[in-house]
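Me: Can you walk me through this one? I have the coordinates open and would like the main packing and pairing features.

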Amino acid sequence: MFTTKMHLKDIVLKLFTIVSFLIILSLPIYAHAQASDCLSTTNTRVDSDYNGPVFLDAYWTDRSESSTDELNPLELEVGPGEGQSTLAVVFVNRSSLELYAITGYLRLPTGFEPGGTSADPQAKSYFASSHSRITGDVSQASYFDELEEGEVFTLYFDVDITDDASVGSYLSSAILDYSTAEHVRSCKSALLNVPFILPGKVILDLSTDNKPLTPKVPNSIDFIISNKGSSPATGAVLTILSIGDDNNRSSRDSSSSTVTLESSDTELVNLGENTFNIGKIPANGSTKISTIIFPEATAASTVQNISLQITYGNAYGYKQTELLTTGLVVSPKPSESPIIVSVDTQHDQPVVTAGIVENILFQVANNGEDEITDLLLTLTGETTEMKIMGKSKWMISSLPIGETYEFTTDVFASTSLINSPSSFSMDLDYISDGESSIDTANVGVFVSGSIELTLYDIQVNSIGGKLHLVGNVLNQGSTTGKFANISLLSLAEIPNVSDTSPQYIGDLTDDSSIPFSIPLPVSSISEGKYPFSVKVTYADDLRNFHEIVFDDVVNVSQIREQISNERDGGNTDLVPVEVLLIIVVAVVIGSIIAFSIRKNRKQVSSSDDDLDFLLDDSKSSKH
């Protein structure tokens, strides 16, 4: 009985050992099962005898409902640094067979990385096993509907467009695995060329020459249309739609091209052209148009809006229409009064900073033909959010012809007025040419928030094996700094750091910070304290650009390696093949040891139990 059990155990051990070796041998087969199931090829010749899917088109889209219209798909403009995007690749079934269960593997050129559901870690190795000349990453997509002969299908590849990409044409390749009725448990493969383009994008902006308009006289003004995108705008035609505030009523004489806008407060007339054929606006370029605007006296001391409509061809050549707006400032010069009131703030333009008590200068000039006497000035804010914190009344005994009286006072604008026009109202009570007159002058200003920047947590770290100067930019102000860029000017004695490209960090929201990471042109740096200088460029609420330079010292100690897991793309719950190999080898070694022990025990006549035999080798040797 005992002998039978021993034989049974030996048989089980031998079977277990054989099964373990079979598992080891099957692992490489399993790892390449997908490749062996398909009839992969490194070259597919698409000629008159070819029978399978063929390439039809490729474009960038957003997978919205409108983008899936095969007759008129939505093609998006994308450019370098776009980030997560979707490349739609269109194929047609040129086979007489019905195709289904299609999986595509698209090779990505430099500057493009797989993202989202397309970032399968096995895709690159599978592509490489079938096409040894692979360079770059591989993106994966699938299509599961059945396809009859001549039917069109689209594979959507999730692609991350990095800053290293360039606008232009690319020639890539794709492996398509698909099944037919003859290949139910396997599949066929086709290696096809896939050309596509990175079109870039058009980003238009409108500004003026910032010259205030003078009431009651024609004013020549320049409008600047800038293209801040990566693709040129072509065939651009610009039309002036409206001039004046949002409540204005616009009218157009059918027999004239002049646009006149009227309201209870303002009347502005465009005496120049209304339509401009400006042609091409290159990427990162601009063009200028000029017109003549006549403000009525009632428009004095106000801030007005102007709206322009521009029609242009985008990166694909499709016609686009966009509305651009900007502001105009009309100087105070009421024609019915000999007194001109103006304001001079601490800024280049009539701007009041919200959230702080600011001292501003008012100027009262006698522009009449008679001396003004007994002039009483009373200053008030337009709304309850605009407060006069200092003196609000002044008495001037005499103001001769052509002379100007200046005075200052403290004002406070609430943060609720940020990024909006406001005004001061000044009541004028005076005597001129022996007659008493009462008048009111409005002084227009723009209320802007404060932008106060600082740097913190500056370090030198290693990111992807390359040294970077990293840190954060904090805006402690009350409004957003727009279109911010940061650039490294100097870092100790390291040469060529100023050659690094400025880094776009976006909008600097008030009371928040934005991180930055500037690559350094060196592979190593010793520990110590290094002086550095960086420049931050941003635009205020009026889109005036400002520069601020920070000089500080960075303490370089132990450099940390920051590793990103964003590109792993695999399922971390799965057990790697290496771990499975270690486990199986350990099981096999244990089985061999157990088998050897069992064999040695048969040669021992002692009746000691198995545990004593394993624990005491010397005892077994004596027996």
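The chat below goes through the core, the strands, the salt bridges and a surface patch.

Me: Before anything else, what kind of model is this?
Reply: This is a predicted model.

Me: OK. How many residues does the largest nonpolar core have, and which ones have the most contacts inside it?
Reply: The largest nonpolar core has 33 residues. Trp-60 and Phe-112 are those with the most contacts inside it.

Me: Which strands supply at least two residues of this core?
Reply: The strands that each supply at least two are β2 (53-61), β3 (83-93), β4 (100-107), β6 (138-143), β7 (152-161), β8 (168-179) and β9 (187-198).

Me: Any general background for a core like that?
Reply: Nonpolar side chains tend to be buried together in soluble globular proteins.

Me: Take β3, then. How many of its residues are buried?
Reply: Ten of the eleven residues of β3 are buried, so the strand is largely enclosed by the rest of the structure.

Me: And what does β3 pair with?
Reply: β3 runs antiparallel to β2, with eight bridges joining them. β3 also runs antiparallel to β7, and that pair is joined by ten bridges.

Me: Give me a residue pair for each so I can find the register.
Reply: For β2 and β3, look at Thr-61, whose bridge partner in β3 is Thr-86. For β3 and β7, Val-92 has Val-152 in β7 as its bridge partner.

Me: Switching topic. There is an open sheet further along; what is the strand order?
Reply: Four strands make up that open sheet, in the order β16-β12-β18-β19, and the pairing is antiparallel. The edge strands, each pairing on one side only, are β16 (275-281) and β19 (319-330).

Me: By how many degrees are neighbouring strands of this sheet turned against each other on average?
Reply: The average is 25° between neighbouring strands of this sheet, direction ignored.

Me: How many bridges hold β18 and β19?
Reply: Strand β18 (residues 302-313) pairs with β19 over twelve bridges, in the antiparallel sense. As a marker in that pairing, Tyr-312 has Gln-320 in β19 as its bridge partner.

Me: Now charges. How many salt bridges does the structure hold?
Reply: There are six salt bridges in the structure.

Me: Start with Asp-205. Which residue does it bridge to?
Reply: Asp-205 forms a salt bridge with Arg-543, and the closest N and O atoms are 2.3 Å apart. Asp-205 lies in strand β10 (residues 204-208), while Arg-543 lies in the loop between β34 (528-539) and β35 (545-556), so the pair ties together parts that are 338 residues apart in sequence.

Me: Is Asp-205 buried or exposed? And what about Arg-543?
Reply: Asp-205 has 12% relative accessibility and counts as buried. Arg-543 counts as partly exposed, at 41%.

Me: Which residues are linked with them in a network of salt bridges?
Reply: The network links Asp-205, Lys-228 and Arg-543.

Me: What about Asp-222?
Reply: Asp-222 forms a salt bridge with Lys-288, with the closest N and O atoms 4.0 Å apart. Asp-222 is in strand β11 (residues 219-227) and Lys-288 in strand β17 (residues 285-295), so this pair ties together parts that are 66 residues apart in sequence. Asp-222 counts as buried at 19% relative accessibility, with the cut-off for buried being under 20%. Lys-288 is exposed, at 54% relative accessible area.

Me: And Lys-535?
Reply: Lys-535 forms a salt bridge with Glu-547, the closest N and O atoms being 3.8 Å apart. Lys-535 lies in strand β34 and Glu-547 in strand β35, so the parts tied together are twelve residues apart in sequence. Lys-535 counts as partly exposed at 21% relative accessibility, and Glu-547 counts as exposed at 56%.

Me: Last topic, the surface. Which residues make the nonpolar surface patch of about 250 Å²?
Reply: Val-585, Ile-589 and Ile-593 make that patch. Of these, Ile-593 lies in helix α4 (residues 577-602) and is partly exposed, with a relative accessible area of 46%.

Me: And Ile-339, where is that one?
Reply: Ile-339 is in strand β20 (residues 339-344). Its relative accessibility is 0%, so Ile-339 counts as buried. The C-alpha atoms of Ile-339 and Gln-363 are separated by 10.0 Å, with the two residues 24 apart along the chain.

Definitions and conventions: Residues are numbered from 1 along each chain as its sequence is written. This is a predicted model: local features need pLDDT of at least 70, side-chain atom pairs count only at pLDDT 80 or more; totals for chains, interfaces and linings use all residues. Side-chain values use heavy atoms; hydrogens and water are left out. A nonpolar core is a set of buried Ala, Val, Leu, Ile, Met, Phe, Trp, Tyr and Cys residues joined through side-chain atoms within 4.5 Å. Buried means under 20% relative accessible area, exposed over 50%, partly exposed in between (1.4 Å probe, protein chains only). Two strands pair if DSSP finds at least two bridges between them. Axes are lines fitted to C-alpha atoms, for helices over the stretch in contact, and angles run from 0 to 180 degrees between N-to-C directions. A salt bridge is a side-chain nitrogen of Lys or Arg within 4 Å of a carboxyl oxygen of Asp or Glu. Patches are made of residues with over 30% relative accessible area and no salt bridge: like charges are joined within 9 Å, nonpolar side chains (Val, Leu, Ile, Met, Phe, Trp, Tyr) within 5 Å. Accessible areas come from the Shrake-Rupley method with a 1.4 Å probe; for residues, only the protein chains shown count as cover.
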